[in-house]
Amino acid sequence: MSPQLRIDARPLADGAVPLPRIALGCGNFGGVGSAPAFFGQGLSPAAAMALMDAAWELGITHFDTADAYGGGRSELAIGEWMASRGVRPTLTTKTFNPMTGAAGAEHGLAPERVARQFHDSRQRLGVDHVELYLAHEYDPDVPLSDALGAFERLRAANAIDAYGVSNFDAAELREALDAAPPTPPRAVQNGYSLLERGDEAEVLPLCARSGLAYIVYSPLCGGWLTGKYRRGAGYPAGSRMTQRPEPYAALATDHTFTALEALEAMATARCTSMAGTALAWLLSDERIAQVVIGPGRPAHLEPAREAIERPLTAGERSQLMEVFS
Ligand SMILES: NC(=O)c1ccc[n+]([C@@H]2O[C@H](COP(=O)([O-])OP(=O)(O)OC[C@H]3O[C@@H](n4cnc5c(N)ncnc54)[C@H](OP(=O)(O)O)[C@@H]3O)[C@@H](O)[C@H]2O)c1
């Protein structure tokens, strides 16, 4: 058995939930995120079990899921794992996306739907209480104060420790902070990595000013920062670029490959994988409360170990900022 990682935890603004800086992303259990076209695909129940065992053994004690991941299969897999292993990681789950691929399937943040979806999430997970509950997307069809009111009621009833939002831009976050019922959202979860830096100008400073915990998803930009995609080469069979390439299609440029080659050179010099150095870059930013990793198999956990054990120097950090600017 490999020794456990010592993973720091950061409390949310009101001290309610200590968030470990690394969380296990369970978006690939029984699907590829919330996309209905892949429900029933992704990691099999046995592969998900093996990944949760390996993550827990490594010392990762916070798991990230959503009602719609795999159409409910991700929450079910976590629930089955917790029951069979007799352990309880702290949990983030989310709601917004439809649970089926049917045309016009119900989705969104209508207060009664949030309450119903939360009830169903608890059933699938087999828990009474969830530590962090997120609005998975901004819903233009529901006044934000109504939507957040539903989350606040769950918090007031002690069913969750804290609530937050996901995929909100700076304007939407400002609206959430202004609209919030008695307790404001405590966290935002957005995509951020060396290759996806959209939140740098406004969202990260806003979070730091407002005491909102900033949680990163897609820290390896869907696998691009692992080096598995090479200039002039085809995408490896079974990789995300062969399954769900749309979100990353714009990355396939000479500029990206040049930056990735520089990352590879630095990672080699530091004796880590490219992914280990890319995760270390995120952990070196004190404004980032948590990084949700998305391993596809137990071996993919190794970069998290490298990132914790081999922190970046200030010089390496600024070199990477320049290369990926
Ligand atoms: N709030 C949201 O809207 C939202 C959106 C996306 C994700 N998330 C959460 O964040 C988690 C992580 O996001 P993500 O899956 O996009 O993360 P990611 O780390 O950017 O990408 C994960 C993909 O990278 C590849 N990968 C990961 N580690 C690897 C390694 N060590 N070596 C080689 N390939 C590796 C795997 O791709 P292959 O499949 O090609 O092997 C894996 O499917 C999700 O599980 C989910 O919990 C949230």
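Here are three short exercises with worked solutions on this predicted model.

**Exercise 1: the barrel**

Work out which strands close into a barrel, and how S9 and S10 pair.

*Solution.* Start with the strand order: eight strands close up as S3-S4-S5-S6-S7-S8-S9-S10, and the pairing is parallel. Next, check the twist: ignoring direction, neighbouring strands of this sheet are turned by 30° against each other on average. Now zoom in on one pair. S9 covers residues 213–217 and S10 covers 288–293, and three bridges link them in the parallel sense. Across that pair, Val 216 sits opposite Val 291 in S10.

**Exercise 2: the nonpolar core**

Find the residues with the most contacts inside the largest nonpolar core, then look at what Leu 279 touches.

*Solution.* The largest nonpolar core holds 90 residues. Val 188, Tyr 214, Leu 225, Ala 278, Leu 279 and Val 291 have the most contacts inside it. Helix H9 (residues 274–283) gives the largest share of this core, with eight residues. Then take Leu 279: leaving out residues up to four places away in sequence, Leu 279 touches Pro 219, Val 291, Pro 303, Ala 304 and Ala 307.

**Exercise 3: Pro 298**

Is Pro 298 buried, exposed or partly exposed, and which residues does Pro 298 touch?

*Solution.* First, place Pro 298: look in the loop between S10 and helix H10 (302–309). Then count: Pro 298 has 16 C-beta neighbours inside 10 Å, so Pro 298 is partly exposed. Skipping residues up to four places away in sequence, Pro 298 touches Ala 50, Leu 51 and Ala 54. Finally, try Ala 55: Pro 298 and Ala 55 are 243 residues apart in sequence, yet 7.4 Å apart in space, C-alpha to C-alpha.

Notes
Residues are numbered from 1 along each chain as its sequence is written. This is a predicted model: local features need pLDDT of at least 70, side-chain atom pairs count only at pLDDT 80 or more; totals for chains, interfaces and linings use all residues. Two strands pair if DSSP finds at least two bridges between them. Helices (H or I, at least four residues) and strands (E, at least two) are DSSP runs, numbered from the N terminus. Axes are lines fitted to C-alpha atoms, for helices over the stretch in contact, and angles run from 0 to 180 degrees between N-to-C directions. A residue is buried if 20 or more other C-beta atoms lie within 10 Å of its own, exposed if 12 or fewer, and partly exposed in between; C-beta atoms are placed from the backbone. Two residues are in contact if their C-beta atoms, placed from the backbone, lie within 7 Å. A nonpolar core is a set of buried Ala, Val, Leu, Ile, Met, Phe, Trp, Tyr and Cys residues joined through C-beta atoms within 7 Å.
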